[in-house]
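Ready for a few exercises? Have a look at what is shown below, try each task yourself, and then read the solution.

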Amino acid sequence: MLIKRAQAGDIRSSEITSETVFHERRQILKAMGIGAVALGTPVVAGATSGERQLYTTQAPLSGPAWLQNKLNTLTPGQYSTREPATPFEYVSTYNNFYEFGTGKTDPADNSQNFVTDPWKVEVTGEAELTGTYNLEDIVNPYALEERVYRLRCVEAWSMVVPWVGFSLANLLKRFKPNSNAKYVRFETLHDPEQMPAQGSRFAAIDYPYVEGLRIDEAMNELAFLAVGVYGNAMPNQNGAPIRLVVPWKYGFKSIKSIVKIEFTKRRPKTTWEISNSREYGFYANVNPDVDHPRWSQARERRLPTSIFNQNYVETLKFNGYAPLVAHLYKDMDLRKQY
Amino acid sequence: MFKLLTFLLCLLPLEYSIYQVYQLQTDGANVLGADPAKALVLLQGEWAIRFLLLTLLVTPVRRLTGWHQAQKIRRMLGLFTFAYASIHLLAYLFLLLELDFRNLGADILKRPYITIGFTAYLLLVPLALTSNSFAIRLLRNRWALLHRLVYGVAILVVVHVTWLAKSSYSEAIAYGVIVTVLLLSRVFKDKFALFQEALKRRV
């Protein structure tokens, strides 16, 4: 029998938004006379029950009709942190998405005409069912849930993002991976016409962007496929229309704008590992004890910062998700397999 | 007039940053983004590099074009390099490090680009201090020798920019190419002069 004991760093049930409040949030927004875009207007999720503020706004509506329909039945997922979410304004303007440029505001500036509907995802490799699917067919079987996760960038800043999506494990099981499927490899769209930096002569990384997880990591309950943020569709700069979210790993593992999912026997070569394997490992688990060769990972700056306050917080092992994922690495030397 | 105009132009980036901070503090448009202090530190650093490159450009331009007016603003450009580098360093210490000097040691050890940047700054100090007629008279021949330190600063700056990039080296490559050209123009200045002589003779 499995007995779940509360451990340090566990997500307490008190941290999770009560479902009634969650379902009423659109009514709460409406009652306050707030439309889709109301930047900077504080909306207290569950104001009536005196809970802490989660959102300041919702993302603007931008998804296809089928997605908007599904968003109407969005439910709060487990594992959400009660830490205040980074305002949408910053979540959507401070991005690393090198396909659109290396500056933090480049993705927001250069991705506005990025076409994400229609969108196809190819599922291939060591599985019984493979093929190319419309995004709607990929997402359709699953109820959308919201998960408010910490996002820790390898550059030592962090955010708290309310993602909308579904469990990666649920999707992967659907294709019945066989016993050779030891890893899952993900690929971002390669389209230099739409993603200007992919065609750059001085591109620092190889395209298409590739990421990967060990199959047990991919099947972990925290691994998430996001199709939106802040209760609505995903902004292009955040990895529309579908992206990975693995909150216990550095942000670069959470690959954006996925077009291919492949079950593989061998560990895939991932983009940052190829670019510089001494600095960026395959596992890339958040770990304050293992520094990047050129900077410390002991603490992070929680965004948004202000000019006179850098908002430093101590970095937690596995980004604070150790109780749910540490067992995946129990026999590994995390200094060597970083 | 030419010098005054240059002076006012050189102040523009600083004024712009002050305006951005003013906007932020008075709840205007947040042009500095989610990480304003870092954006400020980076911007001031970029301007320090641009002024350094401009300073190094004066002599080759003068040699190439015979435009001797350019020489008049070299000292000013050099001092603006020092000014922007100082703001960059102070903004790092006050805003990013929050004057938490326990972490400075760790930062210097773990972030070699900070060590390199700091070294480059220290090398600029004697140059700024001797950028006056009195020092030139006092040091005589040694002045020119001392001010060759600026070539070392330029190389360190390229290393600084290369090491702080996560992966995208396009900026570092651009600076590297410019610095290389500017330094080579000095190495081959005799050839340069011969080339110009030849041109003149032909005319």
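A residue is buried if 20 or more other C-beta atoms lie within 10 Å of its own, exposed if 12 or fewer, and partly exposed in between, with C-beta atoms placed from the backbone. Helices (H or I, at least four residues) and strands (E, at least two) are DSSP runs, numbered from the N terminus. You're looking at a predicted model, where local features need pLDDT of at least 70, side-chain atom pairs count only at pLDDT 80 or more, and totals for chains, interfaces and linings use all residues. Residues are numbered from 1 along each chain as its sequence is written, while chains are lettered from A and ligands numbered from 1 in the order in which they are written.

**Exercise 1.** Work out whether helix H1 of chain B lies largely in the open or is mostly buried.

Solution. Start by finding the helix: H1(B) covers residues 2-25, which is 24 residues. Next, count its buried residues: there are 2 of the 24, so H1(B) lies largely in the open.

**Exercise 2.** Compare the span of H1(B) with the expected one, then look for a kink.

Solution. The expected span is 1.5 Å times one less than the number of residues. For H1(B) that comes to 34 Å, and the helix reaches 35 Å from its first C-alpha to its last, so close to expectation by the rule of 1.5 Å a residue. Now check the bend, meaning the angle between axes fitted to the seven residues ending at a residue and the seven starting there. A kink of about 35 degrees sits at Leu12(B), shortly before the proline Pro13(B). After the helix comes Asp27(B), with a positive phi near 65 degrees.

**Exercise 3.** Find the strands that pair with S11 of chain A, and give the sense of each pairing.

Solution. Two strands pair if DSSP finds at least two bridges between them. Take S2(A) (residues 120-125): 4 bridges link this strand to S11(A) (residues 258-264) in the parallel sense. Here Glu122(A) stands opposite Lys260(A). Then take S6(A) (residues 183-188), which is joined to S11(A) by 6 bridges and runs antiparallel. In this pair Phe186(A) faces Ile261(A).

**Exercise 4.** Is Lys253(A) buried or exposed, and which residues does it touch?

Solution. Locate Lys253(A) in the loop between S10 (243-245) and S11 of chain A. Lys253(A) has 25 other C-beta atoms within 10 Å, so this residue is buried. For contacts (C-beta atoms, placed from the backbone, within 7 Å), leave out residues up to four places away in sequence: Lys253(A) touches Glu211(A), Val246(A) and Ala284(A).

Note on methods
Two residues are in contact if their C-beta atoms, placed from the backbone, lie within 7 Å.
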